[in-house]
Amino acid sequence: MSGNGLEIRELECFLVLAEELHFGRAGERLYVSQSRVSQLLAALERRIGARLVERTSRRVTLTTLGERFLAELRPSYTELVSVVARTRAAARGVEGTLRLGFQGTADARLMRAIESFQERHPACATEIVEIPFADPFGAVRRGDVDAAIVLLPVAEPDLVLGPVFSSERQTVAVSVRHAFAGRSSLAAAELAGTPLIAATAPAPAYWREAHAPSGPPAPEVRTLQEGLTLVAADRAAMLLCRPTADYHGRKDVVFVPVDGLPDSVLGMVWHRDGETERVRQFARAVAADAE
């Protein structure tokens with residue numbers, strides 16, 4: 001490994017020698033012979049074009065230029081070592097913090113996957129944050145989270161779709177005053193004339209259409225709570241999966257199962273440039289629980 005013609009091993013040798021001021025002790029720390037220390041130092045001095053160390057039979061000292069070189073090199077080298085260590089840990093180690101976003105509801109399956117991941121990787125903490133209904137992919141793209149559990153479909157070229165799980169029957173949320181409120185179930189065709197609340201941008205058009213199929217004009221919302229508030233006011237209806245409906249239950253809203261609609265499905269996504277060992281291991285935990 002080298003940069004600007006300088007070998008990292010030569011720099012390491014100089015730093016150790018500057019601390020020890022003894023070729024023998026420097027060699028012991030570097031696990032090389034005393035003659036190898038001399039060779040590395042000589043190579044560095046040739047690259048620089050001046051002497052950095054004065055050596056006599058009685059002592060070793062740094063030249064004025066050597067002192068200056070040491071003062072400027074040490075902090076840069078320390079930071080370089082830290083960068084390499086941090087990058088290696090991020091790429092190979094399952095430690096630190098996994099930032100996980102979720103959309104809708106952190107249901108029992110997701111919580112089991114988190115618990116399993118924590119048991120297997122106790123050195124890695126898990127932070128869980130809710131992702132807005134109308135922005136399923138933004139947090140991953142911005143790097144606010146390492147991965148996210150979102151509602152399908154996912155057709156984003158810069159994102160990886162990992163394990164898919166939690167396939168649930170759809171329900172339609174309606175006001176207790178709505179005509180559907182007393183029904184035990186509905187056929188999908190019966191929703192054709194019903195305004196369905198949709199997510200607003202930046203959710204992609206294909207994703208919004210999947211969760212609110214085209215019909216009469218209806219409000220667009222940023223969050224589930226906004227949507228449910230409009231439902232309670234009998235402004236429109238809203239499609240939700242069964243676990244989300246159960247979690248957000250309220251006295252002024254009824255959730256009616258719908259037959260004939262594709263199930264609501266969750267998937268784990270992450271950015272193609274952000275795949276770390278933490279992300280891979282959590283994906284394995286999600287996939288194992290989904291089996």
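Before I describe the first sheet, one definition is needed: two strands pair if DSSP finds at least two bridges between them. Please also keep in mind throughout that what we have here is a predicted model.

With that in hand, let us look at the open sheet that is built from 5 strands, which run in the order 6-5-7-15-8 with mixed pairing. At its edges stand strand 6, residues 124–130, and strand 8, residues 159–168, and each of these has a single partner strand, so one side of each is left without a neighbour in the sheet. If you go from one strand to the next, the twist averages 20 degrees. To take one pair in detail, strand 8 and strand 15, the latter covering residues 264–271, pair in the antiparallel sense over 6 bridges, and within strand 15 it is Ser264 that stands opposite Glu168. Helix 5, residues 108–120, packs on this sheet and touches strand 5, strand 6, strand 7 and strand 8, while its direction makes about 160 degrees with that of strand 6.

Now to another open sheet, which has 4 strands in the order 10-14-9-13, again with mixed pairing. Its edge strands are strand 10, residues 186–187, and strand 13, residues 238–241, each of which pairs on one side only. Strand 13 pairs with strand 9, residues 170–175, in the antiparallel sense over 4 bridges, and here Thr171 has Leu240 of strand 13 as its bridge partner. Helix 8, residues 224–232, packs on the sheet and touches strand 9, strand 13 and strand 14, with a direction that makes about 125 degrees with that of strand 13.

Which residues have the most contacts inside the largest nonpolar core? This core has 51 residues, and the ones in question are Ile149, Ala173, Met238, Met268 and Phe282. Ile149, if we leave aside its neighbours within four places in sequence, is in contact with residues including Leu100, Phe102, Leu110, Phe165 and Met268. Another core lies apart from the largest one and has 23 residues, among them Leu11, Leu52, Val60 and Leu62.

Finally, a pair of helices: helix 1, residues 8–20, and helix 2, residues 23–30, pack at an angle of about 130 degrees, with their axes 9 Å apart. Angles over 145 degrees count as roughly antiparallel and those from 65 to 115 as roughly perpendicular, and helix 1 and helix 2 are therefore oblique to each other. Their crossing is right-handed, and the contact between them involves, among others, Arg9, Cys13 and Leu17 of helix 1 together with Phe23, Ala26 and Leu30 of helix 2.

Methods: Residues are numbered from 1 along each chain as its sequence is written. This is a predicted model: local features need pLDDT of at least 70, side-chain atom pairs count only at pLDDT 80 or more; totals for chains, interfaces and linings use all residues. Side-chain values use heavy atoms; hydrogens and water are left out. Helices (H or I, at least four residues) and strands (E, at least two) are DSSP runs, numbered from the N terminus. Contact means heavy atoms within 4.5 Å. Axes are lines fitted to C-alpha atoms, for helices over the stretch in contact, and angles run from 0 to 180 degrees between N-to-C directions. A nonpolar core is a set of buried Ala, Val, Leu, Ile, Met, Phe, Trp, Tyr and Cys residues joined through side-chain atoms within 4.5 Å. Buried means under 20% relative accessible area, exposed over 50%, partly exposed in between (1.4 Å probe, protein chains only). Angles under 35 degrees count as roughly parallel, over 145 as roughly antiparallel, 65 to 115 as roughly perpendicular and the rest as oblique. A crossing is left-handed if the near helix is turned anticlockwise from the far one by less than a right angle, and right-handed if clockwise.
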